Amino acid sequence: MIRIPFSGNPLDRAAGRRIAASWQDERDRAPDTLFWPFWKLQPFLLGDANAGVNTVAAGYLTAEQCDRFAAKDMLCVFLGLQKDKAVFALDLPNDTNFAQPGRWEALGHFQEARAAAQLLPLEDAAIMGQAKALLDWHKRHGFCPNCGARTVLADAGYRRHCDACGADHFPRTDPVVIMLAIHEDACLVGRAPRFPKGMVSALAGFVEPGETIEEAVAREVFEEAGVRVRDVRYFASQPWPF
């Protein structure tokens with residue numbers, strides 16, 4: 001099995017049970033339930049921010065550890081079950097500085113998601129991607145695109161419902177192609193002005209309506225680099241939470 005970043009999420013998403021509000025409330029109050037806090041879509045990591053790879057861990061906290069920081073109106077979405085323990089993502093308010101020293105009693109720190117993904121085991125990076133994508137969607141879709149009324153969270157975070165017009169809205173995914181064009185022993189990479197010194201990247205772009213992934217690869221390579229490609233081959237799929 002091919003393992004690439006943000007794939008291999010080990011959680012049982014419990015789709016058949018999470019639709020019951022009573023089940024969610026029960027798991028939310030269970031003493032072994034874990035919460036992963038996010039602030040400005042940055043995941044909380046346990047460990048020293050300056051220590052580097054293999055010195056940090058996913059920032060799962062108990063309800064008791066979160067109580068002093070959490071408020072009842074904070075966004076909280078169910079991620080899944082990990083060996084029968086429920087795991088939730090908790091969105092902390094942007095207007096509070098949770099990055100200030102001592103705020104979390106030296107437990108850890110908040111880290112930009114792309115950087116965090118490079119420090120975490122693949123399984124935790126996949127869970128982080130799921131959490132970030134869901135929280136970001138909720139923050140951007142608080143109002144119904146059908147009638148404009150405010151929507152409410154449903155199905156433990158996997159649906160938003162509009163009481164005004166009855167419409168249901170579900171988390172969106174945007175198909176993207178990431179590709180590596182090769183010629184003999186060379187490969188084509190790009191560099192954006194915002195990249196750190198020495199950093200390069202494979203080319204990428206969004207799939208447009210009425211377009212296959214192979215057609216999107218050829219179009220994007222030509223648009224970004226002016227190079228015509230052929231013999232496009234599929235390698236693997238990958239969730240992309242950005």
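Buried means under 20% relative accessible area, exposed means over 50%, and partly exposed lies in between (1.4 Å probe, protein chains only). We're working on a predicted model, where local features need pLDDT of at least 70, side-chain atom pairs count only at pLDDT 80 or more, and totals for chains, interfaces and linings use all residues. Residues are numbered from 1 along each chain as its sequence is written, and side-chain values use heavy atoms, with hydrogens and water left out.

**Exercise 1.** Classify Trp240 by its accessibility, then work out which kind of aromatic pair Trp240 and Phe242 make.

*Solution.* Start with Trp240: at 40% relative accessibility, it's partly exposed. Phe242, at 29%, is partly exposed too. Now the rule: rings of Phe, Tyr and Trp (its six-membered ring) pair if their centres lie within 6.5 Å, and planes under 30 degrees apart count as stacked, over 60 as edge-to-face and the rest as tilted. That rule gives ten aromatic pairs. For Trp240 and Phe242 the centres are 5.0 Å apart and the planes are at 65 degrees, so the pair is edge-to-face.

**Exercise 2.** Check the length of helix 4 (residues 122-140) and say how enclosed it is.

*Solution.* Helices (H or I, at least four residues) and strands (E, at least two) are DSSP runs, numbered from the N terminus. The expected span of a helix is 1.5 Å times one less than its number of residues. With 19 residues, helix 4 should span 27 Å, and its end C-alpha atoms are indeed 27 Å apart. Next, burial: 14 of the 19 residues are buried, so helix 4 is largely enclosed by the rest of the structure.

**Exercise 3.** Find the residues with the most contacts inside the largest nonpolar core.

*Solution.* A nonpolar core is a set of buried Ala, Val, Leu, Ile, Met, Phe, Trp, Tyr and Cys residues joined through side-chain atoms within 4.5 Å. The largest one has 44 residues, and Trp36, Phe78, Leu79 and Met128 have the most contacts inside it. Elements giving it two or more residues include strand 5 (75-82), strand 6 (85-92) and helix 4. Apart from it lies another core of seven residues, Val177 and Leu203 among them.

**Exercise 4.** Which side chains of strand 14 (residues 203-206) are buried, and which are not?

*Solution.* Follow the alternation: Leu203 and Gly205 point to one face and are buried, while Ala204 and Phe206 point to the other and aren't. Then look across to the partner strand. Two strands pair if DSSP finds at least two bridges between them; here four bridges join strand 14 to strand 11 (residues 176-179), running antiparallel. One bridge partner is easy to name: Ala204 partners Ile178.
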